[in-house]
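Work through the exercises below with the model open. Each task is followed by a stepwise solution.

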2 protein chains.
Amino acid sequence: MNKKVKIRKTLANAGLKATVQRLVILETLTDNFSHPTAESIFKKIKKDYPSISLSTVYNTLEVFRKHGIVRIVNTDSVTVRYDSVTDTHHHIFFEGNNKIEDYYNPELDKLLQKFFLKNKIPNIEINELQVQIKGKHIRIQAN
Amino acid sequence: MNKKVKIRKTLANAGLKATVQRLVILETLTDNFSHPTAESIFKKIKKDYPSISLSTVYNTLEVFRKHGIVRIVNTDSVTVRYDSVTDTHHHIFFEGNNKIEDYYNPELDKLLQKFFLKNKIPNIEINELQVQIKGKHIRIQAN
DNA sequence: ACCGAGTTAATAATCGTTCTAAATTAGAAA
DNA sequence: TTTCTAATTTAGAACGATTATTAACTCGGT
């Protein structure tokens, strides 16, 4: 299925009108794996579509979040970053260059689920387990 | 060892002057397991020590963070929350009431370390693995 | 093509955090 | 104990990110 059609379908499934702004914001987000900020999404879009407003980007991202179309990535900076992938996955935080990457590993998910099934925490019904992997970006040695 | 003495020692070890403000901020933080915000630390202290400034709280927390005395807890809200426990541990995020609790489990740490030793991620030298446990607070059934 | 609810744009307001510069203070040295 | 100085604190301004407001616009159903 074509990308644009997919995006339209996502909006329709959520019961959201397919406005130009929503289409372009969601497309920007799905094309970018860098977990952009609202501001950087705005700037990227502004080039091809100068009439877009920053508040529309904020509003739209919040609407998307409420509908589970995007999620917020937890960083230790003040600004919020977005991710259009909402299924179970983890995040790699590269020290220094401020990059964030997705990390998928169903085996890890299973391992964690199993662990918390055995080691029940009282008073909580877990619905998400997410690992934050933090470290330094290194170059692989050629030898 | 007495609590106040311990706090003085922590500051001395970091090479930081033991000012009243630092002592009281660090004490507030170590007494509170609720991962407070800068603002809420400020308010708590203000009662007994009305001359404290909000910027001092911000400054001091940043100094502490740089010296590894406190760490920032990643939430998906805009405001930053602090934790005076800096050794390896995980966080439980309770949905709804906005509470955050520490979760210790050396077995989990070992499990994760072992996992990532087997499943190496290219280009990264991992120095922290932290699990975010998210879920609903529930009441245990009495039967 | 028209209508109405939903959406957007522009901008003001707010919130949390950082910066600035002058006043104060801890702690080393005399 | 007093003096000195660099470190620290204070108050408030400035800043940057986000949210709220409201009038104008538009999508999609008729």
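Domain bounds here come from an automatic or database domain assignment. The model is predicted.

**Exercise 1.** State how chain A is divided, and how far apart the C-alpha centres of its domains lie.

Solution.
- Step 1: Take the bounds. Domain 1 of chain A covers 3–83, and domain 2 covers 90–136.
- Step 2: Take the C-alpha centres of the two domains. They lie 24 Å apart.
- Step 3: List who takes part in the contact. Domain 1 of chain A gives eight residues and domain 2 of chain A gives nine.

**Exercise 2.** Find the area buried between domain 1 and domain 2 of chain A, and the share that carbon and sulfur atoms give.

Solution.
- Step 1: The buried area is about 670 Å².
- Step 2: Carbon and sulfur atoms give 42% of that area.
- Step 3: Look at domain 1 of chain A. A:H35, A:R71 and A:R81 supply 51% of the area it buries against domain 2, more than any other three residues.

**Exercise 3.** Which side chains meet in a salt bridge, and how many residue pairs are in polar contact across the interface?

Solution.
- Step 1: Count salt bridges between the two domains of chain A. There is one.
- Step 2: Name the partners. The side chains of A:R71 and A:E128 meet at 3.5 Å, N to O. The cut-off is 4 Å, so this pair qualifies.
- Step 3: Count polar contacts. Five residue pairs across the interface of domain 1 and domain 2 of chain A fit the rule, both residues at pLDDT 80 or more.
- Step 4: Place the touching side of domain 1 of chain A. Strands β1 (71–73) and β2 (81–83) each supply at least two of its residues.
- Step 5: Sort that side by class. It has two nonpolar, three polar and three charged residues.

Notes. Residues numbered from 1 in each chain as written. Chains lettered and ligands numbered in written order. Predicted model: local features only at pLDDT ≥ 70, side-chain atom pairs only at ≥ 80, totals over all residues. Heavy atoms only, no water. Contact = heavy atoms within 4.5 Å. Buried area = accessible area lost by both parts, 1.4 Å probe. Polar contact = N/O pair within 3.5 Å; in protein donor to acceptor, adjacent residues only side chain to side chain. Helix = DSSP H or I, 4+ residues; strand = E, 2+ residues; numbered from the N terminus. Nonpolar A, V, L, I, M, F, W, Y, C, P; charged D, E, K, R; others polar.
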